[in-house]
Amino acid sequence: MQAFNFDSPTSLDDALKVLAAHGEKARPLCGGTDLIIQMRAGVRRPEHVVDIKQIKELRELKFDPKSGLRLGAAVSCIEIHEHALMRKHYPGLTEAAHLIGSLQIQNRASVGGNLCNGSPAADSTPALIALGARARIAGPKGEREVPVDKFVLSPGRTVLEPGELLVELLIPAPAPHSSDAYLRFIPRNEMDIAVVGVGASLTLDAGKITAARIGLGAIAATPLVAVKAAESLIGKKLDDAALALAGRLASEAGSPIDDMRGTAEYRRHITGVLTTRALTIAAERAAKI
Amino acid sequence: MAAATNNGHFKVIGTRPIRHDGIDKVMGRAKYGADYAFPGMLHGKLLRSPHAHARIKSINLTKALALPGVKAIITGKDLPKAENKLEQSGEMTVNPYYLSMNILAHDKVLYDGHAIAAVAATNPHIAEEAVRLIEVEYEVLPPVMTVDAAMKPGAPILLHDLRNKEEGNKETNVAQHHQFKRGDIEAGFKSADFIIEREFNTAMVHQGYIEPHNAVGIYNTDGQATIYCSTQGAFDVRSLSAQVLGIAVGKIKVVPAEIGGGFGGKTTIYLEPLSVLLSKMTGAPVKLVMTRGEVLRATGPTSGSKIKVKMGATKDGTIVAAQVWMAYEAGAYPGSPVGAGAMCIIAPYTIENLQIDGYDVVVNRPKTAAYRAPGATNAAFASETIIDELADKCGMDPLDFRLKNGVKEGSAQVVGPPFKRIGFVETCEAIKNSEHYKSKLTGKNRGRGVATGFWFNAGMQSSATVNIHTDGTASVVTGSTDIGGSRAAMAMITAEVLGLPVTDVRPLVADTDSIGHTDVTGGSRVTFATGMAVYEAAQDAIKQLTERAAKVWEIKPDQIEFRDGAFHSKAGDKPPMAIKELAKRLARTGGPITGRASVNARGVGPGFAATLVDVEVDPDTAKVKLLRCTIAQDAGRAIHPSYVEGQMQGGTAQGLGWALNEEYFYDDKGTLRNTGLLDYRMPTCLDLPMIETIIVEVPNPGHPLGVRGVGEVSIVPPPAAVANAIFHAVGIRMMETPMSPPKLMKEMLKKRAAENAQSAAAD
Amino acid sequence: MLPDGAGPIRSGSGFFPMPTAIIPALLRKLTAGRERVAVKGGTVREIVADLERQFPGLANHLLDAGEIKPSIAISIDGEIVPGGVLEPVGENSEVHFLPALSGGA
Amino acid sequence: MSRKTLVDAIVNGEPTEFLCEPRQSLLECLRDVLELTGSKEGCLTGDCGACTVMIDGRAVCSCLVFGPEVQGKRITTVEGLADATRLHALQQQFLEHASLQCGICTPGFLMSAKALLERNPNPTEPEIRYALAGNLCRCTGYDKIVRAVTDAAKTLREEGHDRAAARS
């Protein structure tokens with residue numbers, strides 16, 4: 001591995017200063033479960049590595065019934081999974097965090113890092129998209145917010161400019177009778193990268209769907225929001241016909257490829273299957289709230 | 001052959017003591033190859049080809065050598081030219097010419113990951129950075145990735161000096177053709193009521209040991225070299241390294257470290273001679289450790305294959321004819337296990353009329369190495385699927401069908417000679433009588449499959465010494481790397497013969513200077529052949545001890561009998577003398593006692609296994625869930641039943657991984673895409689059920705303790721068993737491994753579409 | 001012409017037991033298609049020499065510099081034997097020439 | 001080249017200082033600097049678990065941690081499992097169940113299992129399998145490993161050692 005300088009700032013200001021000073025040559029480090037592998041492979045060769053885990057603001061997980069969730073970029077997946085309020089209000093996102101790699105990985109990796117890595121197959125990203133999450137970014141020119149479904153530009157590339165840092169993820173409070181679910185398909189039962197990932201959230205009113213969002217992973221160069229599939233559900237009961245239509249629309253949303261994890265044909269098929277299954281689970285959960 | 005100890009009544013054999021080396025391993029103290037470090041040690045890294053097939057036009061080392069901390073760089077030019085000739089090395093046949101080119105490419109690279117240069121530097125990071133600075137100019141050639149592509153007329157040629165007997169002086173990618181023939185297959189098929197003919201494809205798979213290859217080489221100015229490495233065969237590392245380096249065998253000492261798995265993959269060499277050569281150039285110890293990517297790209301996986309089988313049976317369930325065509329990927333250089341595959345493919349059955357043709361084909365993939373019953377698993381996937389289908393056609397239970405056609409003592413093997421006492425029938429019956437087989441499998445999309453497997457097992461050379469200590473305890477020294485608990489088995493055999501508690505015997509694995517020649521830990525041969533040497537060495541110690549007891553008692557040795565750990569005068573006129581007592585008197589009766597034996601073992605007893613699997617197929621995703629799995633295997637004699645079960649379970653797990661998800665995935669340029677354990681999908685803890693074991697013991701008449709060897713055959717049946725279970729769950733015959741969700745889903749959707757079309761037509 | 005098969009053959013005034021060599025399928029073109037050949041000899045070396053006498057050119061496929069080729073394994077009466085050309089052969093034995101194997105775990 | 005950093009941590013209960021380059025992983029620091037070679041390198045991508053250690057009570061792959069990141073942390077490796085006179089129940093059960101063949105994965109499994117039992121002293125079989133899914137074993141098929149963890153949990157519960165271990 002190429003040699004680099006290591007910084008471990010304890011405040012956001014200090015972190016931003018280091019990042020600004022080194023621009024493209026710097027890379028923030030959180031759990032390291034992607035970055036260290038990429039550095040070893042020579043895919044990324046930063047000269048400055050900035051460990052952001054000592055920054056208090058980035059480690060906070062705060063839920064407010066009105067304003068929703070503020071999820072610090074460096075909160076680890078296991079902290080999310082072990083948080084009772086997370087399991088209650090965002091079960092789908094919690095499941096997604098608990099699916100990222102092994103426990104060893106979840107103990108280090110963060111949802112923020114998962115997003116910044118920019119993989120089309122990131123497990124937590126479709127779940128964030130389904131929840132309508134926004135990313136709060138700080139940088140040399142100040143702060144900005146970007147919806148998560150616009151965050152990833154291409155595999156490994158995101159909207160973050162040199163010197164910028166993802167601070168936290170902002171997720172609206174769930175409306176009454178709302179819930180979410182995340183499912184992914186992998187050939188084994190653990191450890192694999194998603195062949196397809198589907199996050200779904202919906203709101204019910206007297207058994208009918210009043211709002212729905214569907215996020216899809218691994219079926220295009222970036223995670224996607226499946227607008228048509230979600231819109232097709234509005235005003236309907238979640239019966240077999242509605243599920244089948246949403247599944248079909250979701251499976252048509254992406255432009256999947258053939259690779260070692262699955263064929264394009266298989267990915268389209270599975271997108272439909274997982275969409276109907278995730279919607280069913282989300283609806284069951286929403287009905288109970 | 002000597003009679004079994006204590007008339008077949010054992011005190012130690014068959015018990016489950018804690019392995020002697022266990023405590024070091026659970027405390028993190030055991031030293032594996034990568035754990036060795038020496039003062040002033042340098043670290044090496046290799047440059048590997050990004051192309052599957054290319055000519056090397058030039059290599060420029062200037063920038064790399066200029067990097068501070070870089071001490072030496074070697075390329076193929078630094079290795080002496082080896083002779084193009086097949087040689088015996090342990091159980092393997094090796095061509096030093098190809099071996100040398102595989103270790104460092106000479107003028108052509110033949111697969112993605114083929115080594116081109118090796119760097120030694122003051123730390124591994126510097127070595128790695130130096131590798132990035134080596135400049136290589138390639139002339140890229142078209143890659144030949146499959147046996148079909150390689151056998152096509154006009155296919156690009158990998159090795160321009162490769163010839164086979166049948167094609168005369170023509171350039172070819174077919175290294176060898178094997179053929180086995182018996183009876184009259186045309187007449188046989190004519191007499192059949194049912195004939196099934198199918199084509200199978202299996203993907204290249206890797207042994208997947210968790211420990212990457214490693215070597216530390218130390219070359220002294222007096223010309224003596226020492227290699228520390230994790231290997232299945234220290235003596236093979238010595239002889240192969242000597243050939244590649246062009247130095248005498250006697251100038252190299254190999255110290256076998258603990259080994260983190262091998263399964264056949266650590267029976268050859270990659271890094272060892274490079275570590276010595278780099279040490280020679282730098283004057284310092286040099287350590288080389290592969291990354292996982294290097295292990296997958298550039299060590300020795302087992303062959304992918306294409307197999308066509310045609311088999312016929314009469315209504316009463318008799319198999320009357322079989323015809324097999326099989327081609328195995330050898331990798332970049334000749335030497336796939338197709339010969340073994342050909343001899344295994346219908347080995348469990350007596351078939352009067354048969355013809356088997358096997359082809360060894362070079363392709364732009366890494367040179368294959370042995371993998372647990374090499375060649376047999378691919379073969380059984382094809383034949384055992386067809387057998388299942390024939391049993392179905394004949395309306396017979398699949399095990400009854402196998403038993404009806406199964407080989408017994410005296411049955412002719414595929415290659416002609418008759419079997420001695422074997423346990424195929426007993427193994428099938430063990431499954432048939434199991435609670436699992438008798439249980440009912442209910443539920444939608446669930447199915448049960450059974451399959452069997454055959455493996456020869458191996459004999460070969462082993463040495464052992466048994467030292468009697470002054471307190472009457474003992475040590476047993478062998479040259480067989482302990483890859484899965486064999487130290488315990490060696491200590492148990494020694495303890496059994498000497499009548500000692502197993503805790504009074506210390507087993508150890510010695511380096512190549514400290515014990516007589518011993519072939520690889522492979523071929524399921526350690527407990528069989530090294531066990532035979534240990535048994536004889538312990539008997540030799542007893543013989544010498546008896547002479548000492550005779551001295552003490554002033555009687556003749558033949559007036560003394562040894563039993564239960566003590567010497568007894570046959571006349572019964574003296575109180576028995578325990579070994580412990582006698583041991584105190586060794587100094588005054590002639591000095592220390594060392595029992596010795598070396599064998600080139602005869603009497604190899606083949607092994608059979610039968611595996612039963614229940615699966616459930618997700619109808620929407622085609623993911624196969626393993627619900628239950630039982631394996632029965634003939635061990636001959638289980639010395640340490642826990643480690644016998646361990647071999648059965650481990651082989652089964654590898655076979656199940658092979659069945660469902662493992663495969664080498666190359667893109668159209670011949671670049672390996674899944675170079676890590678994320679995408680080379682071996683089973684995790686969550687993917688497997690408990691693996692139930694039934695140890696069958698049909699003693700091998702060729703071994704003093706009845707041992708057959710248990711290391712390999714368990715891997716053979718699972719892919720076919722899973723395929724058969726999938727058929728019984730969803731009605732689809734899978735003819736390709738891995739039977740991964742995309743492949744199975746495709747077939748399920750095809751079937752569904754056909755059924756829908758049919759019912760639409762019926763409407 | 002010797003009878004095609006193993007076992008005792010008429011030689012001069014009486015029956016003498018002889019070993020049988022089993023010819024690998026691909027070499028049967030050198031033995032006019034015969035699979036089983038009665039041979040004289042008490043060792044593998046003598047048997048191969050007798051095969052060469054009966055079928056000139058055959059030994060070339062079995063031997064390399066006077067030793068059994070590394071790619072060939074010898075089986076006598078159903079058991080792989082390690083002794084190469086020096087291996088003793090019983091008077092009623094069957095000798096097979098098989099592909100040599102390589103093993104795994 | 002970047003300069004070496006001084007790292008201060010508690011390793012197996014002992015306050016420990018070591019120098020490392022930032023690019024050296026925790027695994028390299030343990031093995032090459034501190035000569036604790038019990039943690040093994042199997043993949044360097046976090047997929048095999050052979051390098052698993054505990055940092056502040058959590059199992060992590062030490063190959064995916066840079067040395068300087070453990071400043072001020074509490075690290076437990078396989079070398080820190082047993083006490084002076086006795087093996088940890090997990091080590092003992094791994095021996096009794098013959099849960100290791102080659103043994104290269106064993107240190108990692110022991111650490112993952114320890115992390116599990118400290119949080120969940122009475123795990124079900126699926127919970128054990130989930131907690132160990134990040135550790136690959138190629139020799140055993142996991143059967144005997146799962147049984148050993150189950151029995152070690154039982155021993156620890158009976159001895160009340162689970163609570164003591166969680167406190168330590």
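A salt bridge is a side-chain nitrogen of Lys or Arg within 4 Å of a carboxyl oxygen of Asp or Glu. The structure is a predicted model, in which local features need pLDDT of at least 70 and side-chain atom pairs count only at pLDDT 80 or more, while totals for chains, interfaces and linings use all residues. Residues are numbered from 1 along each chain as its sequence is written, chains are lettered from A and ligands numbered from 1 in the order in which they are written, and side-chain values use heavy atoms, with hydrogens and water left out.

**Exercise 1.** Describe the interface of chain B and chain D, beginning with its salt bridges.

Solution.
Step 1. The rule finds 4 salt bridges across this interface. In one of these, the side chains of D:K144 and B:E645 meet at 2.6 Å, N to O.
Step 2. Chain B gives helix 1 (22-26), helix 4 (124-133) and helix 19 (641-660) as the elements with two or more residues on the side that touches chain D; helices here are DSSP runs of H or I with at least four residues, and strands are runs of E with at least two, numbered from the N terminus. Helix 19 of chain B gives the most, with 9 residues.
Step 3. By class, this side of chain B has 30 nonpolar, 18 polar and 8 charged residues. Ala, Val, Leu, Ile, Met, Phe, Trp, Tyr, Cys and Pro count as nonpolar, Asp, Glu, Lys and Arg as charged, and the others, Gly among them, as polar.
Step 4. The contact (heavy atoms within 4.5 Å) takes 56 residues from chain B and 49 residues from chain D. About 4200 Å² is buried between the two chains, and carbon and sulfur atoms give 60% of this area. Buried area is the accessible area (1.4 Å probe) that two parts lose on being put together, summed over both. On the side of chain B, B:V26, B:C685 and B:M690 lose the most area to chain D, together 19% of what that side buries.

**Exercise 2.** Which residues of chain A lose the most area to chain B, and which helix of chain A gives the largest share of that side?

Solution.
Step 1. In this interface, 25 residues of chain A are in contact with 26 residues of chain B. The two chains bury about 2300 Å² between them, 53% of it on carbon and sulfur atoms.
Step 2. A:M1, A:R188 and A:M260 lose the most area in chain A, together 30% of what that side buries.
Step 3. The rule finds 4 salt bridges here too; B:D620 and A:R277 meet in a salt bridge through their side chains (3.0 Å, N to O).
Step 4. Helix 11 of chain A supplies the largest share of the side that touches chain B, 6 residues. That side has 10 nonpolar, 6 polar and 9 charged residues.

**Exercise 3.** What span should helix 10 of chain A have, and which of its residues are buried?

Solution.
Step 1. The expected span is 1.5 Å times one less than the number of residues. The 12 residues of helix 10 (residues 240-251) should therefore span 16 Å, and the end C-alpha atoms are 16 Å apart, which agrees.
Step 2. A:A242, A:L243, A:A246, A:G247, A:L249, A:A250 and A:S251 are buried, where buried means under 20% relative accessible area, exposed over 50% and partly exposed in between (1.4 Å probe, protein chains only).
Step 3. Their cover includes strand 13 (208-217), helix 9 (227-231) and helix 11 (264-288) of chain A.
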